[in-house]
Amino acid sequence: MKTQDLLHALKEKSWVSLTHEVTRDMAIYQAFNPLGERVLTTLEETGSDNREYTLGTSHGTHVDAPAHFMAGGKILSDISPKERYLPLYVLHLEDKVKEDPGYAVTVDDILAFEQEYGAIPEGAFVAFSSGWYKRIYSQEDFTNTHDGVEVTPGWSVAALEYLSRTRKIAAIGHETLNTDAGPEAAEAGDLVAQRFWLNENKFQVEVMANLDRVPAAGGIIMINVLHIKGAVAFPAEVTAVFDA
């Protein structure tokens with residue numbers, strides 16, 4: 001198939017943005033300040049609209065490179081475009097999260113998925129759809145803190161170990177600010193799942209949106225990110241493409 005024919009075929013598929021709009025009011029990680037915007041020139045004054053934005057590396061939907069937690073790990077510019085366009089598999093666990101907001105994905109969840117859809121192939125992107133993205137514009141709802149513990153969903157270390165070392169996938173994604181389920185992180189006193197994953201020298205996408213609109217298997221994910229010299233994380237444009 002010629003390259004332009006391939007593009008035409010892709011445009012005939014369903015496209016869903018997995019990216020949040022970044023706003024000053026969205027939930028953010030505690031280390032950061034809200035989005036800042038400064039108008040430098042206006043159309044009325046100079047004939048051109050120019051603005052300066054100030055944001056954190058983890059504002060909204062973003063990519064974490066391994067160097068975010070791993071000494072000597074890959075930085076964003078080490079992750080080539082080919083490594084950011086991947087087969088997409090989505091674990092739809094929204095119902096489990098409704099029952100338990102602090103739910104952590106288990107190996108059994110992945111095995112049940114594979115029983116239905118087949119083994120997840122090497123080099124894939126696996127996303128955890130929790131429905132949590134709908135809370136993004138309320139810091140209180142998104143962090144869901146009770147008695148000092150963020151009761152939020154995430155991955156167990158065992159599930160990540162299975163995906164990385166048995167299935168040898170390329171990357172993971174989720175809708176929350178951290179890889180870990182909040183209660184497990186609180187019990188460990190550290191972001192143990194996030195630390196494990198990034199120290200596998202593999203990247204992740206956090207604060208994803210609209211995963212509940214994407215089929216469990218058969219899609220692809222396209223991740224585009226600005227490369228700032230030496231950056232270990234940055235907001236990204238993420239898109240899923242799949243058969244209608």
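## Surface and charge

In this predicted model, the accessible surface of the protein adds up to about 12300 Å². Carbon and sulfur atoms contribute 50% of that area.

Turning to charge, the protein carries 36 negative and 20 positive side chains. The centres of these two sets are 8 Å apart.

## Overall fold and dimensions

If you trace the backbone, you will meet eight helices and 14 strands. The protein is as compact as a globular protein of its length, because its radius of gyration of 18 Å is close to the 18 Å that the globule rule gives for 244 residues. Measured out along the principal axes, the C-alpha trace spans about 60 × 55 × 35 Å.

Contacts reach well along the chain, too: of those with a separation of 6 or more, 75% join residues 24 or more positions apart. As for burial, 46% of the 244 residues count as buried.

## The nonpolar cores

Now for the interior. The largest nonpolar core brings together 32 residues. Leu91, Val105, Ile110, Ile120, Val126, Trp155 and Leu163 have the most contacts inside this core. Two or more residues each come from strand 5 (85-92), strand 7 (125-129), helix 4 (107-117), helix 6 (157-166) and helix 8 (192-198).

Val126 is a good place to zoom in. Beyond its neighbours within four places in sequence, Val126 is in contact with Tyr89, Leu91, Ile120, Trp155, Leu163, Ile169, Ala171, Ile172 and Gly173. A second core, separate from the largest one, has 26 residues, including Val16, Ala171, Leu211 and Ala231.

How values were computed. Residues numbered from 1 in each chain as written. Predicted model: local features only at pLDDT ≥ 70, side-chain atom pairs only at ≥ 80, totals over all residues. Heavy atoms only, no water. Core = buried A, V, L, I, M, F, W, Y, C linked by side-chain atoms within 4.5 Å. Buried < 20%, exposed > 50% of the residue type's maximum accessible area, 1.4 Å probe, protein only. Helix = DSSP H or I, 4+ residues; strand = E, 2+ residues; numbered from the N terminus. Contact = heavy atoms within 4.5 Å. Rg over C-alpha atoms; globule rule 2.2 N^0.38 Å. Areas by Shrake-Rupley, 256 points an atom, 1.4 Å probe, with all protein chains shown as cover. Lys, Arg positive; Asp, Glu negative; His and termini not counted. Charge placed at Lys NZ, Arg CZ, Asp CG, Glu CD.
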